[in-house]
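This report describes a single protein chain for a reader who is new to it. The sequence and the structure are shown first, and the description follows.

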Amino acid sequence: MREQLGLLKVTVVQGKKLVIRDFRTSDPYVVVKLGNQTAKTKFINSCLNPVWNEELSFSLEEPVGVLSLEVFDKDHFKSDDKMGHAHLNLQPIASSARLKQFAKVSSAETILRKIVPDTDNCLARESSISCINGEVVQSVWLRLCAVKSGEIELKIKLIDPSVA
């Protein structure tokens, strides 16, 4: 049986410098996947720097997987165009949640771990995993792959199943 680690709340905050897929702009939306769970944001008309601020929820189980996302351009008369993809290993946030429980961290804000961009992740810049008012959170900028430009900002919160 798979161990339930908690509820993963992924807020797709915004996109920056997304690629043009129509003549002068794009109508972007994001599809987020974790294992066999999928959720997507609404699309935003004619925007290369969209702000979604949409929260998507996933069940996080052992073994911890990879959060993947794809950005698409909504097309009304043909299939949607790909605008890039990225992934984020969730093992660091899961192990930070275990550390928080073990160390009984509960102060207002404590940084549990820092993650730097490398060849194994799509981070655009360094990311911190923190405990803020008892919740384990991570804010990340992911660089989109397979396209000329584009980044997506996510805020991730892992909620302990005993608290949820």
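In this predicted model, the count of aromatic pairs comes to 1. The partners are Tyr29 and Phe72, whose ring centres are 5.6 Å apart and whose planes meet at 25°, so the pair counts as stacked, the cut-off being under 30 degrees. Tyr29 belongs to strand β2, residues 28-34, and Phe72 to strand β5, residues 66-73; the pair therefore ties together parts of the chain that are 43 residues apart in sequence. Both Tyr29 and Phe72 are buried.

Tyr29 also takes part in a contact with a charged residue. Lys40 lies over the face of the Tyr29 ring, at 5.1 Å from the ring centre. A further contact of this kind involves Trp141, where the charged end of Lys16 sits over the ring at 4.9 Å from its centre.

**Overall architecture**

The secondary structure of the chain consists of 1 helix and 10 strands. Followed along the sequence, these elements appear in the pattern β-β-β-β-β-β-α-β-β-β-β. The C-alpha trace spans about 55 × 30 × 25 Å along its principal axes. How does the radius of gyration of the protein chain agree with that of a compact globule? For 164 residues, a compact globule would have a radius of gyration near 15 Å, and the 16 Å of this chain agrees with that value. Of the 164 residues, 46% count as buried.

**The second largest pocket**

The second largest pocket has a volume of about 160 Å³. Its lining is made up of 13 residues, and those closest to the pocket centre are Val137, Gln138, Ser139, Lys155 and Ile156. Four elements are listed as giving two or more residues to this lining: β1 (4-16), β8 (127-132), β9 (135-143) and β10 (151-159). By character, the lining residues divide into 3 nonpolar, 5 polar and 5 charged.

**Backbone features**

Several backbone features deserve separate mention. The peptide bond that leads from Glu62 to Pro63 is cis, with omega near -5°. Pro63 is placed in the loop between β4 (51-61) and β5.

Asn53 has a phi near 50°, which is a positive value in a residue other than glycine. This residue is part of strand β4. Ala146 likewise has a positive phi, near 70°, and is not a glycine. Unlike Asn53, which is in a strand, Ala146 is in the loop between β9 and β10. Ala146 has a relative accessible area of 72%, so it counts as exposed, for which the cut-off is over 50%.

**Sequence separation and distance in space**

The following table sets the separation along the chain beside the C-alpha to C-alpha distance for four residue pairs.

| Residue pair | Separation in sequence | C-alpha distance |
|---|---|---|
| Trp52 and Val12 | 40 residues | 6.2 Å |
| Thr41 and Val71 | 30 residues | 9.8 Å |
| Asn133 and Thr110 | 23 residues | 8.9 Å |
| Ser149 and Ile159 | 10 residues | 32 Å |

Some of the residues in the table can be placed in their surroundings. Trp52 lies in strand β4, and its relative accessibility of 4% is under the 20% cut-off, so Trp52 counts as buried. Thr41 is found in the loop between β3 (37-40) and β4. Although placed in a loop, Thr41 is buried, because its relative accessible area is 4% and the limit for buried is 20%.

Asn133 occupies the loop between β8 and β9. With 63% relative accessibility, Asn133 counts as exposed. Ser149 is situated in the loop between β9 and β10, the loop that also holds Ala146. Is Ser149 buried, partly exposed or exposed? Its relative accessible area is 27%, which makes Ser149 partly exposed, since this class lies between the cut-offs of 20% and 50%.

Terms used:
Residues are numbered from 1 along each chain as its sequence is written. This is a predicted model: local features need pLDDT of at least 70, side-chain atom pairs count only at pLDDT 80 or more; totals for chains, interfaces and linings use all residues. Side-chain values use heavy atoms; hydrogens and water are left out. On a 1 Å grid over the protein atoms alone, a cavity is a set of points where a 1.4 Å probe fits but cannot get out, and a pocket is an open set with protein on both sides within 12 Å along at least five of seven lines; lining residues have an atom within 4 Å of a point. Grid points are joined across faces, edges and corners, and a volume is the space filled by probe spheres set on the points. Ala, Val, Leu, Ile, Met, Phe, Trp, Tyr, Cys and Pro count as nonpolar, Asp, Glu, Lys and Arg as charged, and the others, Gly among them, as polar. Rings of Phe, Tyr and Trp (its six-membered ring) pair if their centres lie within 6.5 Å; planes under 30 degrees apart count as stacked, over 60 as edge-to-face and the rest as tilted. Buried means under 20% relative accessible area, exposed over 50%, partly exposed in between (1.4 Å probe, protein chains only). A charge sits over a ring if NZ of Lys or CZ of Arg is within 6 Å of the ring centre and within 35 degrees of the ring normal. The radius of gyration is taken over C-alpha atoms; the globule rule is 2.2 Å times the number of residues to the power 0.38.
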